[in-house]
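Consider the chain shown below. The text goes from the whole chain to a few local features.

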Amino acid sequence: MATARQVLCLCAFLSLPHARAEPIRYSVAEESESGSVVANVAEDAGLAPAQLSARRARLLSEDGRQHLRLEPGTGRLVVAERLDREELCGQSATCTLPFELLLANPVQFFRVEVGVEDINDHAPVFPEERVTLKIVERSDPGSRFPLQVAQDLDVGSNSIQAYSISPDEYFSVDYGSQIKGKKYLELVLGKPLDREEQAEVDFSLIAVDGGSPPRSGTTQIHVVILDVNDNAPIFSQELYVGQVLENAPEGSVVLRVVATDRDAGVNGDISYQISQAGDQSYSAFTIDPMSGEIKLTKPLDFETAENYELSVQATDGGGLSGICRVLVEVVDVNDNAPELVVNSFSSPIPEDALPGTVVALFTVRDRDSGSNGKISCALEDQQSFSLRPAYKNYFELVTVSALDREETARYILTVTAADAGSPPLTITHTFTVDISDVNDNAPVFNQTSYTMYVRENNVPTVLVGTVGAVDADIGPNAKVTYALVPAHHTEHPPCSCISVNSENGDVFVLRPLDYEQVRQIEVMVSASDAGSPPLSANVTICLVVVDENDNAPLVLYPSQESSSPSSELVPISAEAGYLITKVVAVDADSGQNSWLSYHLLRASDPGLFVVGAQSGEVRLRRSVTERDAVKQKLVILVRDNGQPPLSATAAMSALLLSDFSDMHLQHSSLTTEDEGSSLTMYLIISLVFISLLFLMSTAAFVIRKVCKRKELKDGHVLYGASNLQSSLADGAAAATLPHAYCYEISLTTGSGNSEFKFLKPILPSLPPQLHATGGGTNNEVDFPCGPGTSGDMEPDNPGMLSAEQFNSLSFN
């Protein structure tokens, strides 16, 4: 991409005969912010700002990078990105950014150079933060030691101008230029160094540039002064005095001599040696050449020599040496320790041993005489045992308290015998006393009681849990066996449906259980050890039977035992939400297995009824209309919440009746409902009542027809149409008799046939008049509604029932 741009620029330059030969030069300080104005290049090129846009002016650079950009609207040349002179030109004394201003239409070419001026934005940096120099002590003043110069990325006056040292007690710094302009930096020693006075010298070397304000860089100079062997070893004492016991073993340290040398390194390494080669007295001693420790090479005898005098020489690595004297005194000591001999020892002993039982008998003796031969014995840190003197130097080890093997099964008894020497010599003997077990601990269950669970209808011999007991004893006394026992001595043997493994305490249920018959069983388990006599402990196990969904719901109401389903009476005027009945069911299971829900499974008209899922209430979903069938059959599904769920169905029917239902309900509210009577008996009573009322109405209608609206001598009974309508409502809900019609019914005496005549309404708005008189052998029921002619019921009258339709109604 950069090559293509260079070719384009070259072609443009060659194609412009009138290109300006001298470039337009500008300068800008490095680190200028983006958007900083360099100059107005359009003005310097003799162009108006409007020409830049019209002639499509743009900047071209050789490397393709746009360090500067042109504002077409103003003709100003501005900084496009932050300029870093060190990044663009490195250590070059000058830094120029050349580029071309190209006008496309017509083509014109301007060369532009922007010089990037250096600012003091870099501090001097040394190659290393810490420089270590090694200089031999006693070096001549004026000695020079070269150092690496610091680096400063700035140029000119902003580069490094001077170096300084802080503090400058021993050294100074020399900085300058060599041939070909190469810089050098040297440390100059000002005075002699003495490693014994100061082994190391530390100071800071500072480089400062010429910027404004100036910047500086620092490195730490660490001078290690190398040693020269100018000091001989010197002992800390001229005479060393040491004492050693006559019975001190070979290799015992008598004392240690110490010499120091102020030199370092090999010149300060000191080696020791005993220098009395002609005297054999030193043959009992040796000295460690590095540490200066004087040790015994053979045992000493106080009676042979009471002291030894030695000469020790210390030599450094440079051959310089120093000498000291050593006096070793031999100390007479009690070198015979007491002896302990065991005469008898009994272990183990039973834990029920009585206090005062003798465990061991031993004697002590010492070959020394006088106070060094007097012996005392002690038993260390024991409360269950003690030492008792027996005869002369005989001692008894006896028990002083009751023992408990479960608390401590083994005692480590340490007996110490010491003489009265100075210092005293001692001897220790250890008695290991084991305690044998006695059956004094009954088994202990790991729980105070156990609760175990088993699902009903379980498989035989199912494992339901484990009881566990531990015995603090050991051996046969700790072997635990398990068995079922009666909770009380007077009770019968424990439940035969539960068994326990005598070895491991596993509890089994031997036969299937039924949650509905037994929900919980409590048994007692005994854990006995094998001791003599055996000890035992009891624990109660509560076996909880967990219910399974093995019982389907049972419908209590409506009763499903009869051959025909139960019937409910529903008034035709009932609104949506009317409670028809409530299905009552139970489930022998428990928990969620007994949570019942109710659902409408089937119905003659599913859209007419709704069943409460939780309550089982059967209600009307909507209002009853005259188009609905008189008899509705429903099947209610009762389902539990078990997995898998079980269900039962309840069949019932509903009779949609007219206003008679209102009267029936009103009558029912005045009487106390007998909860034990069946719904069938109510229906039979209603049917008989409706039949009697129908016969009476028919007789009254016949009498009225015969008498031709004349007064009857024997009696006259009048009923309003509304009364008949109310009486017939319970029998047939669909046979609604509107108040706007009047009916006349005549019966002939002695005739087995009935004749019905239905009169058309004359005055529909006339209210019915109710009056009655009585007498005669014939009865007539009159529905006064004004004058008119009689005739059959018109087939297009809605809600009317013929005699055949009325008789065809069935009531269950």
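The chain contains eight helices and 55 strands. The model is a predicted one. Of its 812 residues, 39% count as buried. Taking the contacts in the chain with a separation of 6 or more, 69% are between residues 24 or more positions apart. The accessible surface of the chain amounts to about 44,100 Å², and carbon and sulfur atoms hold 52% of that area.

A first local feature is strand 21, which spans residues 293-296. In a regular strand, side chains alternate between the two faces of the sheet. Strand 21 has a covered face made of Ile294 and Leu296, while Glu293 and Lys295 make up an uncovered face.

Two other strands pair with strand 21. One of them is strand 17, residues 253-256, which runs antiparallel to strand 21 and is joined to it by three bridges. Within this pairing, arginine 256 is opposite glutamate 293 of strand 21. The other is strand 20, residues 285-287, which also pairs with strand 21 in the antiparallel sense, over three bridges. Here threonine 286 has lysine 295 of strand 21 as its bridge partner. Strands 20 and 21 form a hairpin, with five residues between the two strands. Glycine 292, in the turn of this hairpin, has a positive phi of about 80 degrees.

Further along the chain there is a nonpolar patch on the surface, formed by Leu554, Leu556, Tyr557, Val584 and Val586. Together these residues have about 410 Å² of accessible area. The elements that give two or more residues to the patch are strand 41, residues 554-557, and strand 44, residues 584-586. Of the contributors, strand 41 gives the most, with three residues.

Is valine 584, a member of this patch, buried, partly exposed or exposed? Valine 584 is located in strand 44. Valine 584 counts as partly exposed because its relative accessibility is 34%, and the partly exposed class lies between the limits of 20% and 50%.

Leucine 656 gives a case from the other class. Leucine 656 lies in strand 49, which covers residues 647-657. With a relative accessibility of 3%, leucine 656 counts as buried, because that class takes in residues under 20%. Leucine 656 and isoleucine 572 are 84 residues apart along the chain, and 5.5 Å separates their C-alpha atoms.

Conventions:
Residues are numbered from 1 along each chain as its sequence is written. This is a predicted model: local features need pLDDT of at least 70, side-chain atom pairs count only at pLDDT 80 or more; totals for chains, interfaces and linings use all residues. Side-chain values use heavy atoms; hydrogens and water are left out. Patches are made of residues with over 30% relative accessible area and no salt bridge: like charges are joined within 9 Å, nonpolar side chains (Val, Leu, Ile, Met, Phe, Trp, Tyr) within 5 Å. Accessible areas come from the Shrake-Rupley method with a 1.4 Å probe; for residues, only the protein chains shown count as cover. A salt bridge is a side-chain nitrogen of Lys or Arg within 4 Å of a carboxyl oxygen of Asp or Glu. Helices (H or I, at least four residues) and strands (E, at least two) are DSSP runs, numbered from the N terminus. Buried means under 20% relative accessible area, exposed over 50%, partly exposed in between (1.4 Å probe, protein chains only). Contact means heavy atoms within 4.5 Å. Two strands pair if DSSP finds at least two bridges between them.
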